[in-house]
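Here is my note on the structure you asked about, set out point by point. Please keep the sequence and the 3D view open while you read.

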Amino acid sequence: MNLNRMASQKKLVLFSPDKTLANAIGIFVITSLFYFFGAALRLIDELSLFWPLNAVLAAVFVRNPFLNRALYYALCYCAMIVYDAFTASWGWQSLIINFSNMVFIITVARLLLRYSYQHSDNNWAVNAFNIFHFSLIGAILCSLVGALGSIDNFSDYPRLLPLYADWVSEQFSTGVLMLPCLLSAKWPDWSKIPPFRLSKLYPLVGLVVSLCASVAIGGAGSLAFPLPALIWCAIRYPLPVTALVTLLTGGTEIILVASSVISINADQPLLVNQMFSARLGIATIAICPLIVSVSVDAINQLIKQTSLRADFDYLTGVYSRSGLFETLKTERYPLAGQDKPTLCVMLLDIDFFKRINDNYGHECGDIVLASFATKLRQVVGDKGLVARMGGEEFVVVAGVENEAQGYALAERVRKSIELDSFRYQQESLYITVSVGLATASITRSPLLELFNELVHEADRNLYTSKRNGRNQTITSSAGPQDVSTSFQSAP
């Protein structure tokens, strides 16, 4: 999951780059508030594993990059020291432990800003994997300081490693759980919220059921039970909702484990219930990649369909202008080779096409365009590419042996259109086409640059073809051909 474009036009705005005093007060108040909140949680055994202050402040600094200054860092630190001065008697330990908090805050915020921030006020993104390993880096660094500050004297050094492990797990888990939610928070746009449907609650129901199963079955494997439901939520819900649900689920599991509602301990290893829990947990983990794979496959199919719509004209089925350009960007193009050293570009314009729309309607015009494109593809075959440039103008790009062969292909196309008829409401319609041709030796790859040069020359020749009476092929070295009636109805 990528936390892309978290900030929107309605993102939460609490700070301003040009209001230093207000920012300072805000930083001091937020630090004091969440310091009090974290201290209150530590009074409850089940919630003692939560320390939200560091994740909250890291998110504040990420969402407001202009706050990343020594002044505001110092205010955070001072707010922590002041709170401890009035509520605790830690002394020098307060300086060390709160410094460890600042290590986490500054490390995570700086890393996220450096590697995940796009320099735009309303367009920035944070990658979920960045949150994961940046939180881990911040937890490892801050825990080195925090664990040292938590021991009273040298005799407590045997407790250093367990303390360090507790600090790392606490800071890391809290960061991973809270940062996605905090970074994706925004005011909801109620006008864009779709109508409520009962089916939208199914992922949440699945999540509640999986948590109940964790409580009923217990064991270490039960902690993985909510994974499929969380992935389901990620597929069905917007990113901010998914981040909030994930935070609540992780917090709930921590509380349930801390209060022994979910038991992950056993007096003996490999008891029947423990194996049952382990097997279910493994099965749950195993199904998650399948769910992700199905989702990715659906996304790939959607991308493929979108690409087809972008690369091909919906009405005629031939390449669109952008699709042709993308094809010509390839380094090795099948139309270019030793036996076809010349690139031929012909622009074709249906003569007096406006009369068809005026006399028969746009439905008839669409049918003529689609039939014309089909006939064009039939005549060109695998010798070249056919694309609709816009309106009634088409282009053919082909590899030929020489200019004469390209001219012959253009004439074969023109005469085939002239001799063919198009059916509309039991009536046969005849059209003609003007052709502008340009050719050049293939000297470089990809062909897009050469095509862009030739298409301008072909456009000038097409203009000459129309000016000289239409229904003819004009090239830089060939004159007009026989001119026939440009548009007529069969008797």
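1. Which residue lies over the face of Phe 352, and at what distance from the ring centre? Turning to the model, which is a predicted one, you will find that Arg 355 lies over that face, at 4.1 Å from the centre of the ring. Phe 352 also has Arg 470 over its face, and here the distance from the ring centre is 4.3 Å.

2. For an overview of the fold, please note that the protein chain contains 15 helices and 10 strands. Of its 491 residues, 43% are buried. If you take the contacts in the chain with a separation of 6 or more, 73% of them come from residues that are 24 or more positions apart.

3. Aromatic rings deserve a point of their own, as searching the whole structure turns up 7 aromatic pairs. One of them joins Phe 325 and Phe 451 in an edge-to-face arrangement, with 5.9 Å from centre to centre and 65 degrees between the planes; the planes count as edge-to-face because their angle is over 60 degrees. Since Phe 325 belongs to helix 11 (residues 321–328) and Phe 451 to helix 15 (residues 448–467), the pair ties together parts of the chain that are 126 residues apart in sequence. The two partners can also be described by their accessibility: Phe 325 is partly exposed, with a relative accessible area of 24%, whereas Phe 451 counts as buried, at 0% relative accessibility. Elsewhere, Tyr 35, Trp 51 and Tyr 83 are linked by ring pairs into a cluster.

4. Next, consider how helix 2 (residues 53–63) and helix 3 (residues 70–87) are placed, with axes that come within 12 Å and cross at roughly 160 degrees. That angle makes helix 2 roughly antiparallel to helix 3, because angles over 145 degrees are counted in this way. The crossing of the two helices is right-handed. On the side of helix 2, Leu 53, Leu 57 and Phe 61 take part in the meeting, and on the side of helix 3 they face Tyr 72, Tyr 73, Cys 76 and Met 80.

5. Helix 3 also holds Leu 75, which is worth selecting in the viewer. If residues up to four places away in sequence are set aside, Leu 75 touches Ala 24, Ile 27 and Phe 28. Between Leu 75 and Phe 28, which are 47 residues apart along the chain, the C-alpha atoms are separated by 6.1 Å.

6. A second helix pair to examine is helix 13 (residues 362–380) with helix 14 (residues 403–419), whose axes are 10 Å apart and which pack at an angle of about 140 degrees. Helix 13 and helix 14 are therefore oblique to each other, and helix 13 passes helix 14 in a right-handed crossing. In this contact, helix 13 contributes Phe 372, Lys 375, Leu 376, Val 379 and Val 380, while helix 14 contributes Arg 412, Val 413, Ser 416 and Ile 417.

7. Finally, is His 133 buried, partly exposed or exposed? This residue, which lies in helix 5 (residues 128–150), is partly exposed, with a relative accessible area of 33%. From C-alpha to C-alpha, His 133 and Leu 111 are 10.0 Å apart in space, and they are 22 residues apart in sequence.

Conventions: Residues are numbered from 1 along each chain as its sequence is written. This is a predicted model: local features need pLDDT of at least 70, side-chain atom pairs count only at pLDDT 80 or more; totals for chains, interfaces and linings use all residues. Side-chain values use heavy atoms; hydrogens and water are left out. Rings of Phe, Tyr and Trp (its six-membered ring) pair if their centres lie within 6.5 Å; planes under 30 degrees apart count as stacked, over 60 as edge-to-face and the rest as tilted. Helices (H or I, at least four residues) and strands (E, at least two) are DSSP runs, numbered from the N terminus. Buried means under 20% relative accessible area, exposed over 50%, partly exposed in between (1.4 Å probe, protein chains only). A charge sits over a ring if NZ of Lys or CZ of Arg is within 6 Å of the ring centre and within 35 degrees of the ring normal. Axes are lines fitted to C-alpha atoms, for helices over the stretch in contact, and angles run from 0 to 180 degrees between N-to-C directions. Angles under 35 degrees count as roughly parallel, over 145 as roughly antiparallel, 65 to 115 as roughly perpendicular and the rest as oblique. A crossing is left-handed if the near helix is turned anticlockwise from the far one by less than a right angle, and right-handed if clockwise. Contact means heavy atoms within 4.5 Å.
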